[in-house]
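Visitor: I'd like to go through this model with you and ask how each label is earned. Could you show it to me?

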Amino acid sequence: MKDAFGLPQSLLVLGGTSEIALATARRLIARRTRTVWLAGRPSPGLDEAAGQLRGLGAEVRTVAFDALDPAAHEDALGKVFTEGDVDLVLLAFGTLGDQAHDERDPRAAVRVAQTNYTGAVSAGLVCAGALQAQGHGSLVVLSSVAGERARRANFIYGSSKAGLDAFAQGLGDALHGTGVHVMVVRPGFVRTRMTAGLPEAPLATTPEAVAAAVELGLRRRAETVWVPGALRVVMSALRHLPRGVFRRLPV
C-alpha cells in the first residue's frame with residue numbers, strides 16, 4: 001500500500017527499459033518501493049535493468065509485454081495483478097520515430113501512432129481496470145509537451161502524444177472518486193538515448209529531474225506535472241499563437 005505521502009510499495013513499469021522509468025524506479029526504491037515489475041520486450045537490456053534494480057534492494061520481476069500486441073495485454077498485465085496489489089503503474093513506453101523518413105513511409109508513421117497511442121490506450125485501460133478492481137493505486141502516464149501543439153518538425157510523434165494526453169486526462173476524469181489516481185507528466189526535451197543526436201531544445205531536462213517531478217506529483221496527488229515547471233507558461237503561450245505566426249517560429 002502507498003504511504004501517507006502517496007509513495008508506492010509496489011510498482012509496475014510499462015516500458016521496462018525506459019531511462020525515465022528506471023530513474024523513477026531508482027528514486028522510489030530509495031524511498032520505500034520494494035516490489036517492481038518491468039514489462040517490456042524480452043531482451044538483454046530488460047534483464048540488465050532488472051539486475052540493476054535488484055542491486056538496490058528491490059524484488060524485481062520481468063514480464064513480456066509488447067505495445068504493438070494489444071491482444072496480449074490483458075493476459076500479460078493481468079498476471080501481474082494476480083500476484084498482489086500494485087500501488088503504481090508507470091506507463092513509460094514510446095517511440096520518437098524519424099519525422100522525415102516517416103512522412104515518406106506511412107507504415108512507419110502508423111507504427112509510431114500504434115506504439116504511442118493505440119498501445120497505450122489498450123495497456124492503460126487494462127491497468128486502470130485492475131487498479132479500480134483493487135480499489136486503490138496510481139497510474140502515471142508519460143506524455144510530452146510535443147502533444148500540446150503539433151510542430152512541423154515532429155507532428156507525427158506530437159500528434160500521437162496529443163492523443164495519449166487527451167486519453168489520460170479523460171481516463172482520470174472517468175476514475176475520479178474510485179480511489180484510482182491518474183497523473184499526466186509532460187516533460188520537454190529529455191536527454192536520453194531516444195533523443196541522442198538531436199539538437200537540444202531550450203529548457204532541456206534529464207531522466208532524474210523527471211523522476212523527481214514524478215515523486216513530488218505523487219506526494220501532492222497532482223493530476224498534471226510539467227518538467228521543468230516553466231514549460232507550462234511557455235506552452236500556454238505557444239498554444240495560443242496565431243497559426244501564421246507559429247509557422248514562422250524555429251520550433
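What follows is a short conversation about the terms used for this structure.

Guide: Welcome! Keep in mind that this is a predicted model.

Visitor: Why is L38 called buried?

Guide: Buried requires a relative accessible area under 20%. L38 has 0%, so L38 is buried. L38 sits in strand β2, where five of the six residues are buried.

Visitor: What is L38 in contact with, leaving aside neighbours within four places in sequence?

Guide: The list includes V13, L22 and V60. Also among the contacts are L46, A49, A50 and L53, and those four are buried residues of helix α2.

Visitor: What makes the buried residues of α2 line one face of the helix?

Guide: L46, A49, A50 and L53 are buried in α2. Looking down the axis of α2, the buried residues fall within an arc of 100°, so they line one face. A general point helps here: an α-helix has 3.6 residues a turn, so residues three or four places apart point the same way. On the other side of α2, P44 and E48 are exposed. The cover over the buried residues of α2 includes α1, β2 and β3.

Visitor: How do you know that β2 pairs with β1 and with β3?

Guide: Pairing takes at least two bridges between two strands. β1 (residues 10-14) and β2 have five, in the parallel sense, and six join β2 to β3 (residues 59-64), also parallel. With five bridges in one case and six in the other, both satisfy that cut-off, so both count as pairs. As examples, S10 has T35 in β2 as its bridge partner, while G40 stands opposite A64 in β3.

Visitor: Which helices go with these strands in β-α-β units?

Guide: Helix α1 (residues 19-31) makes a right-handed unit with β1 and β2. Helix α2 (residues 44-54) makes a right-handed unit with β2 and β3.

Visitor: Why is the aromatic pair of F65 and F93 called tilted?

Guide: A search of the whole structure finds one aromatic pair. In that pair, F65 and F93 are 5.5 Å apart, centre to centre, with 50° between the planes. Ring centres must lie within 6.5 Å, and planes under 30 degrees apart are stacked, over 60 edge-to-face. At 50°, the planes fit neither of those classes, so the pair is tilted.

Visitor: What does this pair tie together?

Guide: F65 lies in the loop between β3 and α3, and F93 in the loop between β4 and α4, so the pair ties together parts 28 residues apart in sequence. F65, at 5% relative accessibility, counts as buried, and F93 is buried at 11%.

How values were computed: Residues are numbered from 1 along each chain as its sequence is written. This is a predicted model: local features need pLDDT of at least 70, side-chain atom pairs count only at pLDDT 80 or more; totals for chains, interfaces and linings use all residues. Side-chain values use heavy atoms; hydrogens and water are left out. Buried means under 20% relative accessible area, exposed over 50%, partly exposed in between (1.4 Å probe, protein chains only). Helices (H or I, at least four residues) and strands (E, at least two) are DSSP runs, numbered from the N terminus. A crossover is right-handed if, with the strands pointing away from the viewer, the path from the first strand over the helix to the second runs clockwise. The arc is that of the directions from the helix axis to the C-beta atoms. Contact means heavy atoms within 4.5 Å. Rings of Phe, Tyr and Trp (its six-membered ring) pair if their centres lie within 6.5 Å; planes under 30 degrees apart count as stacked, over 60 as edge-to-face and the rest as tilted.
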